[in-house]
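Visitor: I'm new to this structure and would like to learn how to read it. Could you walk me through its features, one at a time?

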Amino acid sequence: MAVINKPAGLTVSGNQFKTVTNALPFNLFKSTQKDALVFPMPVHRIDNQTSGILVIAKTKTAQIELSKQFENRTVLKKYCTIVIGNIHANQKIETPIASKTAETSFEIIRTVKSLKFKELSYLKVTPKTGRTHQIRIHLASINRPILGDKIYGNPEFNHKGK
């Protein structure tokens, strides 16, 4: 297996030329194990605009075992984000997304003053489930969108061209 640090703005997989999946064979050595995959494969996804650790399987055994761990939710995912506004208490959000259960917890790390937004809060976020855009949707649902979020945030708060 391999672990890579995916930068924001790069898609993990899909019908595009520039993806992590397409770049892996050119950047990772092939496994020498008997069950080596023809090409290394990511075992999960991270949103295009999110940076973070991405786990890559290089063997069939690793692919199966890692996929089971993500499916059984034994992998603990943690993210850091900045949201617009002050949050007064750590919370758990259990609002369904696309009619499927979704759960996100967050812990307040720090709140700072902001000239444009009055206050910004820095959060450590732990999604229990893994729905598409889950963290972004849940934080926007409590009126605390992620700073700069062009999809779920208020367009008036986005910097032009940023």
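**Reading the features**

Guide: Let's begin with a pair of charged side chains: Lys92 and Glu103 meet in a salt bridge, with N and O 3.8 Å apart. Before going on, note that this is a predicted model, in which local features need pLDDT of at least 70 and side-chain atom pairs count only at pLDDT 80 or more, while totals for chains, interfaces and linings use all residues. Residues are numbered from 1 along each chain as its sequence is written, and side-chain values use heavy atoms, with hydrogens and water left out.

Visitor: What counts as a salt bridge?

Guide: The rule asks for a side-chain nitrogen of Lys or Arg within 4 Å of a carboxyl oxygen of Asp or Glu. By this rule there are five salt bridges here.

Visitor: Where do Lys92 and Glu103 sit along the chain?

Guide: Lys92 is in strand β5 (residues 91–93) and Glu103 is in the loop between β5 and β6 (104–114), so to speak of the pair is to speak of distant parts of the chain, 11 residues apart. Helices (H or I, at least four residues) and strands (E, at least two) are DSSP runs, numbered from the N terminus.

Visitor: Are Lys92 and Glu103 buried or exposed?

Guide: Buried means under 20% relative accessible area, exposed means over 50%, and partly exposed is in between, using a 1.4 Å probe and protein chains only. Lys92 has 48% and counts as partly exposed, whereas Glu103 is buried at 16%.

Visitor: What else does Lys92 touch?

Guide: Contact means heavy atoms within 4.5 Å. Leaving out residues up to four places away in sequence, Lys92 touches Glu103, Thr104 and Ser105. Lys92 and His138 are 46 residues apart in sequence, and their C-alpha atoms are 9.6 Å apart in space.

Visitor: Which other salt bridges can I look up?

Guide: One of them joins Lys124 and Glu107, with the closest N and O atoms 3.6 Å apart. Lys124 lies in strand β7 (residues 118–127) and Glu107 in strand β6, so this pair ties together parts 17 residues apart in sequence. Both residues are partly exposed, Lys124 at 26% and Glu107 at 35%.

Guide: Another links Asp149 and Arg136, with the closest N and O atoms 2.9 Å apart. Arg136 is in helix α3 and Asp149 in the segment after α3 (134–141), 13 residues apart. Asp149 is buried at 5%, and Arg136 is buried at 11%.

Visitor: Which residues of α3 are buried, and what do they pack against?

Guide: The buried residues of α3 are Gln134, Ile135, Arg136, His138 and Leu139. They pack against β4 (79–84), β5, β6 and β7. After α3 comes Asn143, whose phi is positive, near 60°.

Visitor: How do I read a nonpolar core?

Guide: Take buried Ala, Val, Leu, Ile, Met, Phe, Trp, Tyr and Cys residues, and join them through side-chain atoms within 4.5 Å. The largest such core here has nine residues: Val83, Ile87, Ile93, Phe106, Leu123, Val125, Ile135, Leu139 and Ile146. The elements giving two or more residues to this core are β7 and α3. Not counting residues up to four places away in sequence, Leu139 has contacts that include Thr81, Val83, Phe106 and Pro145.

Visitor: And how do I read a sheet?

Guide: Strands of a sheet pair through backbone hydrogen bonds, either parallel or antiparallel. Two strands count as paired if DSSP finds at least two bridges between them. One open sheet here has three strands in the order β1-β3-β2, with antiparallel pairing. β1 (2–6) and β2 stand at the edges with a single partner strand each, so one side of each has no neighbour in the sheet. β1 pairs with strand β3 (residues 52–59) over five bridges, and Gly52 in β3 is the bridge partner of Lys6.

Visitor: Which helices lie across these strands?

Guide: For angles, axes are lines fitted to C-alpha atoms, for helices over the stretch in contact, and values run from 0 to 180 degrees between N-to-C directions. α1 lies across β1, β2 and β3, at about 135° to β2. Helix α2 (residues 60–71) lies across β2 and β3, at about 140° to β3.
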